[in-house]
Amino acid sequence: MAHPPWRPPTTPPRLRMMLILGSTAGITIAAMGTAIAATSIHALPKRTSTSTVSPLRTATAPGTPRFFNYASPPGTADDAGEPSLGINWLSERTFSNSAGPIPNGGTSNYFGGFLPYMVKVVFSDCQSPALATWEQKPVILPATPRVFGDPILFTDHTTGRTFVSQLEGLTPLGSTTEFTDNDGDTFSPSEGSGLPSCIDHQTFGGRPFHAPLTPTSLYPHAIYYASQCVTHATCSISLDGGVTFGPGVPMFTIADCDGLHGHIKVAPDGTVYVPDKGCATASVPLLNGGQAAAIVSEDNGVTWSIRPIPDGSSPGEWDPSIGIATDGTAYLGYQAIDGHAHIAVTHDRGVHWSTSYDVGAQLGIENIAFPAVVAGDPNRAAFAFYGTTTSDAEGGSHNGGPDGDDPNSFTGIWYLYIATTFDGGQTWTTQNVTPGDPIQRGPICSGGDCRNMLDFFDASIDKEGRVLVGWDDGCIGGCVSGPPNSFTAKATITRQSGGMRMFSAYDPVEPRLAEAPGPTGSLVNSTVHLSWQAPDDGGAAITGYKVYRRIGGGSFMLLATVTQTNYTDTVDPTRQNFYRVTAVNSQGEGPYCQDVLPAAGAGPTACVVPGIQAVNDVNPDGSDNDSGQNTPPDSSVNIRDLSIAEPYVAPGVNQLVFTLQMTPSTGTVPPSSQWYIIWNRKTVAADGSDRRFVAMKTDLSGAESFAYGDFGPPIPLDGSVPPSNANTPTPLGAADFGSYDPASGTITIKLATSKADDTPRVAGDDLAGLNVRTYLARPDAGQKSQNNASDITVDGSYALVGNASCFCAVDRPPVAGLTASPTSGKAPLTVGFNGSTSSDPDAGDGVGSYTFNFGDGSAPVTQAGATISHTYKSASGSSGYFATLTVTDAKCGRPSLNTASVNIQVTGKKAPHRATATPEAAFQLTSIRNPVHRELDFELALDQDGPVRVRVFSSAGRRVADLLDAWMPAGTHALRWSGRDASGSPAAAGVYFVQAKAGARVTTTRTVLLP
């Protein structure tokens, strides 16, 4: 969990430290949002936040399980290594759409890393993908400071009780544990474990007592706590619902099994299982890493039996997992000796096992990590794991090399896989449920920075039989499209959306109607842009979407049937326009969720397609600005507007993107037709052409082509003889790219800026005299004059910004890396810090600044160089000093998503208290200069050593930036806020509150940031 696997005591165990979740200035911004009164902060309520969902490719085979991935919102559970996931069946809620009510299976509770809160997640299935609402539920005891720990959460889903715990890692001090019976609204303290408490790999479990014990008046189920004590592992039982525990009972010794075991599970009859990756066979301890096994108790934890899988040889890397069905059938998933994902089944509590099944063979999976198994009905189970199709032979060492900490030791890419069986384990179907979105690049390590996800993740089943997997994403942001790895641990839940479930009673009949999409929309001028994600398809491929509109209090009318997941509509912006979207498959038209009223959107930018509107052919009320002979005879040639963008593509690439919005049509592309976009040249060509064009054209069969060229001069108005090429296009070549979607009416053409004129165009130049003209069913040859056009616009213009100026719109964050030497010693101790392993994934960019926080209360240092030394003048105490590094990139000042960290242990005499504040202001935060235009300086007075967190909030209660999260000695300390939010952008002028919190004490100061 937080430490490396234990080995026999011939070599002392090497301790590896968990990364601390403390963040420095500008690193994270919480979505919890805090309510702040005018000048004081009291008990701060948490605000819910909704997250985005990553859609998967839906499987269209009826009955095949289908899944969606849900990432936590920014600022919520950003660093949640080795998470646990529990589901409270008692708090199930029902959400309805036009097809009727849909129960959500219960509330999901998530905990990992050193989070100071449990995350409560509620799924609403009115729409698909379901809307996930994440809410932070603060805990006290599990959030107290410690050097090492093991986060664990367990939900007794039929009673609704959830335990949240952190181990006092590598000490005999047990765990700090709280439990809740209302999904985090209130918590109560728990003893956490019996004695001896042991030091590592803690786990909670619970279910009915095994005969002859019966439920007590205090709680109907047995609650178990297990952990390992280096030489042996113990388990203790609670008879009062986890408030107190009896003494620990040895389960096995290191001569029997690997000391680091998996998560405890309890069968419906009270049989208790603890899986282990390596147990002895034939009296030979840990042969080849040993055999995967279940350690089983059939007497409420009094005695234990080791029951290995006969063909379960294991390399001893990752803890196995066990899932128990409603009749007691147990499925044990593990990493086999060849690194593959194997699973075996037992019907007699592990006395006999089936032949192990390689569930990854069908997809060529060579290495796995973090098995997590659940089971429902006797013949149904699911096995989730991280997997890669790269073998060590071709990719290096998948687990970090000889020392388990080398991020360059492996070239493979990892994804989340879920295998399911519906015939008792005879056959399995395995799916990559994060296709195109890796969860890690390179090794998944047992130490160092590449141990970002720590040691495990979790899986569970909701009341309706859906499979849910709670995991942490180690590859986000720019890492998704290419290296380097981000080394994050972003909280994510994968949830089943369709197909057969773990409980057959809740299986949907498939194929069936597709679920309801969840559209969102924005209104820009008189144009509405709707978009949605593909919903679950019901086991039959979606063939289209129907878009409906209601104006004011009128009735909904069908606007269009489209095949893409977006729609553009032209409206009267002075009226309220409501929309509904449904999905269509072979079974018919599915339901809708809610009516959507698009809100006014943010202003356009040239850096993001479609860009800046350059030409408009729509009246303010949304009607066509057409009349006379230029009234378009067909919607396909009816011009709405033209926008131009210059998004960043790559270094040195300069390209214009023309987005021509036509009226949506039936989907048939008319033959022998043209769509011309024309603008003035800087200088007249030798043949007299004074304009340039890009165009889409169709031939007699309706086949499309995209071209650019010169456009001849207009016909003289003085009656003189016009030149032969008057108003005549002369093609010069093919455009760089072109596409047309009649259903949405969108034509997209890309053209290198160098082709826009013979005289080079640069940033600041105008494309003047821009107009669009279309021709329906006309020969391509000859003049293309305004007077014979099917539709024509007034002239507009577009000012070039240059693609390079748009780099920051796609800039990927850098990755922080930190080393230190020495990491321990006697005060005064001078430590050299090195951030040179930090990197930036974008070509031509690099790390621009390094912010070091030494963790001893001294002010953070931001500098251009990667190395720095710092002298620790006093002892750190048992928790050590947690030094952190964040970096920003050179071009855009974008901060890293991760925080690199090292622990510095300093021994010697403790520094005396140096608090300079008066007794009445012994804990006080004071603004030095107020108001200010840029950086804001503060003075923090502390009367005692301890952990301190300093944050900046807006006047509306939104958390804007984190200034400090570290142990600090008593005294007076200088702090500075750069005036930027967590994304690195300048904060808006206004009133801000800076809050310092130490334990239960809070002090706040008010400051004003001027424009």
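In the predicted model, Y70 is a buried residue whose relative accessible area amounts to 2%, and F123 is likewise buried, with a relative accessible area of 0%. The structure holds 31 aromatic pairs, and one of them is formed by Y70 and F123, whose rings are arranged edge-to-face at 5.0 Å centre to centre, with 75° between the planes. Because Y70 belongs to strand 3 (residues 66–71) and F123 to strand 8 (residues 117–124), this pair ties together parts that are 53 residues apart in sequence.

The rings of Y676 and F711 also form a pair, with centres 6.2 Å apart and planes at 70°, so that the arrangement is edge-to-face. Distant parts of the chain are linked by this contact, since Y676 is placed in strand 45 (residues 674–680) and F711 in strand 47 (residues 704–711), 35 residues apart. Both Y676 and F711 are buried. Beyond these two pairs, a cluster joined through ring pairs comprises F154, F163, F179, F204, Y225 and F245.

As regards charged residues at the surface, D403, D405, D406 and D449 together form a negative patch. Within this patch, D403 is located in the loop that runs between helix 1 (392–395) and strand 28 (413–421). The relative accessible area of D403 is 48%, and the residue is therefore classed as partly exposed, in a range that lies between the limit of 20% for buried residues and that of 50% for exposed ones.

Notes
Residues are numbered from 1 along each chain as its sequence is written. This is a predicted model: local features need pLDDT of at least 70, side-chain atom pairs count only at pLDDT 80 or more; totals for chains, interfaces and linings use all residues. Side-chain values use heavy atoms; hydrogens and water are left out. Patches are made of residues with over 30% relative accessible area and no salt bridge: like charges are joined within 9 Å, nonpolar side chains (Val, Leu, Ile, Met, Phe, Trp, Tyr) within 5 Å. Accessible areas come from the Shrake-Rupley method with a 1.4 Å probe; for residues, only the protein chains shown count as cover. A salt bridge is a side-chain nitrogen of Lys or Arg within 4 Å of a carboxyl oxygen of Asp or Glu. Lys and Arg count as positive and Asp and Glu as negative; His and the chain ends are not counted. The place of a charge is taken as NZ of Lys, CZ of Arg, CG of Asp or CD of Glu. Helices (H or I, at least four residues) and strands (E, at least two) are DSSP runs, numbered from the N terminus. Buried means under 20% relative accessible area, exposed over 50%, partly exposed in between (1.4 Å probe, protein chains only). Rings of Phe, Tyr and Trp (its six-membered ring) pair if their centres lie within 6.5 Å; planes under 30 degrees apart count as stacked, over 60 as edge-to-face and the rest as tilted.
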